[in-house]
Amino acid sequence: MLTNLGYSHNNKERIVAPLPMSAVYNKQQFISQFVSLHQQSTQLVLVSQLLSTPLPGINCEYWIIYDDLNQPVACAGANTVMSDPSVGYVGLFEAKEQQAGTAVLRAATEWLRRGGVSQFEPVRQILGPVNLTTWLQYRLRVDTDKTPSMSFEPRHPEFYQECFAQAGYVKAVDYYTTFFEINQMIAGFERYLKGATLESYGMALQPWNTLDFPASLNPDRNPDLSPQDNVAKRVYDLSIVLFRGKELFDEGLSRENHRQIVLNDMISRPEVDNASLLDLSWFIVEPSTGEDIGYLAAWKEGDTLVLKTVGFVPKVRKSKVYAIALLETIKRARTAWGCIRAAGALMNENSSAISEYLSGPATRHTYRLYVHQPTTTVRDHDGDANETNNKMNEHAQTTVTATTSQKTSASLTSSANDQLKQQQLRLAHMNQRMKHPRSQGRPMARL
């Protein structure tokens, strides 16, 4: 394989030419090298699966950059979004050094901006990092807290932030994982609930360990699986109801993809205690009708209870049902699993504020989603290239909205002579709007 890192004609600047997967004859070797750059990830099998069998309904491409010894040093992917092909994602990004990382991100971004090789309409908006869909891992961790990332959190060197900045990306929105001392959290919820019970609302908890979760992951092999035992289907159907219409939610992912990719990825992570997952996760049901009202997915990771997904249908979001279910889970995690702290996973500012209002001060991990700020290359008379802001159509808007109980819209617009500073001010304003809690029963996070 030829080296694709070299020198420019004046031997001063590196020439970086990422190699696309579509140009490679030996696809399996390419995938193997791509996966080798993800060694710090817990998703090696998943990454290989995604490259080998593309998700339906998307256009996608992948790139690797090699060093002068033909060793892979950076990789990335790009794809259109299933539910909105006018939006593109850049993700599956890994790099051993900053220059190569920036170059592969630029290649992925340019491919989306140009509509591939005239394969599809150029996208109007590019977000990243997103690993093909927001059902899977996305965002960069950008806080300075020294505690290691949890299994569900991004893990990467600090220079990844600079790679995205150099590739023309700016902050779109931040998300948070909030860590509480478990006794502190229980005390806060008990003060809020004042003895309220699920029975008083006509609801009941149905633990996953009373259902046939393993069989639900392979329904074709289990034709006698009952609708009640089909945990995977119930989780998927509820997720569609809970998150439909929310910004960044990809409705295009099929039930089969969710079962085979999302759920299997979750239970295959070595840090996730699967016995605790089945014991601490519930459906909240209405016994009189048999209707699923919501679900809570949680597990033990080390000494920490991970509250990964907490979501309820609209008719109970303003009640205390969600808090009652959470309290039951937190108490059981302390008594049965020895957890001493709890983590509310990957929440927006609104949900984080609600959690801290109920439970007191928290330690936060911060994650950032980026949006691409389009630029164009202008060459001076001597041939030097300078990056300048591109004039954007006033009607083309970049919109990134946090998932809240009431859909919040905030646009990132760039007009004829807007500078990057104006873009960042709008983004800061959007984040400020998200700091005011509205509803106490909204979905906190998503699988």
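The exercises below, each with a worked solution, concern a predicted model.

**Exercise 1.** Find how Arg-332 and Asp-279 are paired, and decide whether each of them is buried or partly exposed.

*Solution.* Begin with the general idea that side chains carrying opposite charges can pair when their charged atoms come close. In this model the side chains of Arg-332 and Asp-279 form a salt bridge, with an N to O distance of 2.7 Å. Next, place the two partners: Arg-332 belongs to helix 11 (residues 321–337), whereas Asp-279 belongs to helix 10 (residues 274–280), so the salt bridge ties together parts that lie 53 residues apart in sequence. Finally, turn to accessibility, where buried means under 20% relative accessible area. Arg-332, with a relative accessible area of 33%, is partly exposed, while Asp-279, at 9%, counts as buried.

**Exercise 2.** Work out which residues are joined into one network with Arg-141, and describe the pairing of Arg-141 with Asp-145.

*Solution.* Salt bridges with shared partners link Arg-141, Asp-143 and Asp-145 into one network. Within it, Asp-145 forms a salt bridge with Arg-141, and the closest N and O atoms of this pair are 4.0 Å apart. Arg-141 has a relative accessible area of 10% and is therefore buried, but Asp-145 is partly exposed, because its relative accessibility is 29%. For another pair, look at Arg-269 and Asp-265, whose side chains meet in a salt bridge at 3.1 Å, N to O, and both of these residues are buried. The structure as a whole holds 19 salt bridges.

**Exercise 3.** Describe the largest nonpolar core, and state which helix gives the most to it.

*Solution.* The largest nonpolar core contains 102 residues, and those with the most contacts inside it include Phe-30, Leu-51, Trp-208 and Phe-312. Helix 11 gives the most to this core, contributing 9 residues. To see one of the well-connected residues in detail, follow Phe-30, which touches, among others, Leu-19, Met-21, Leu-51, Trp-63 and Tyr-66, when residues up to four places away in sequence are not counted. Apart from the largest core lies another one, of 28 residues, among them Ala-103, Val-123, Ile-126 and Val-142.

**Exercise 4.** Locate Thr-177, and determine which backbone atom its side chain reaches.

*Solution.* Thr-177 sits in strand 9, which covers residues 169–181. Since its relative accessible area is 0%, Thr-177 is buried. Its side chain reaches the backbone nitrogen of Leu-346 at 3.1 Å. Leaving aside neighbours within four places in sequence, Thr-177 has contacts that include Phe-152, Glu-153, Gly-344, Leu-346, Arg-364 and Tyr-367.

Notes:
Residues numbered from 1 in each chain as written. Predicted model: local features only at pLDDT ≥ 70, side-chain atom pairs only at ≥ 80, totals over all residues. Heavy atoms only, no water. Buried < 20%, exposed > 50% of the residue type's maximum accessible area, 1.4 Å probe, protein only. Helix = DSSP H or I, 4+ residues; strand = E, 2+ residues; numbered from the N terminus. Core = buried A, V, L, I, M, F, W, Y, C linked by side-chain atoms within 4.5 Å. Contact = heavy atoms within 4.5 Å. Polar contact = N/O pair within 3.5 Å; in protein donor to acceptor, adjacent residues only side chain to side chain.
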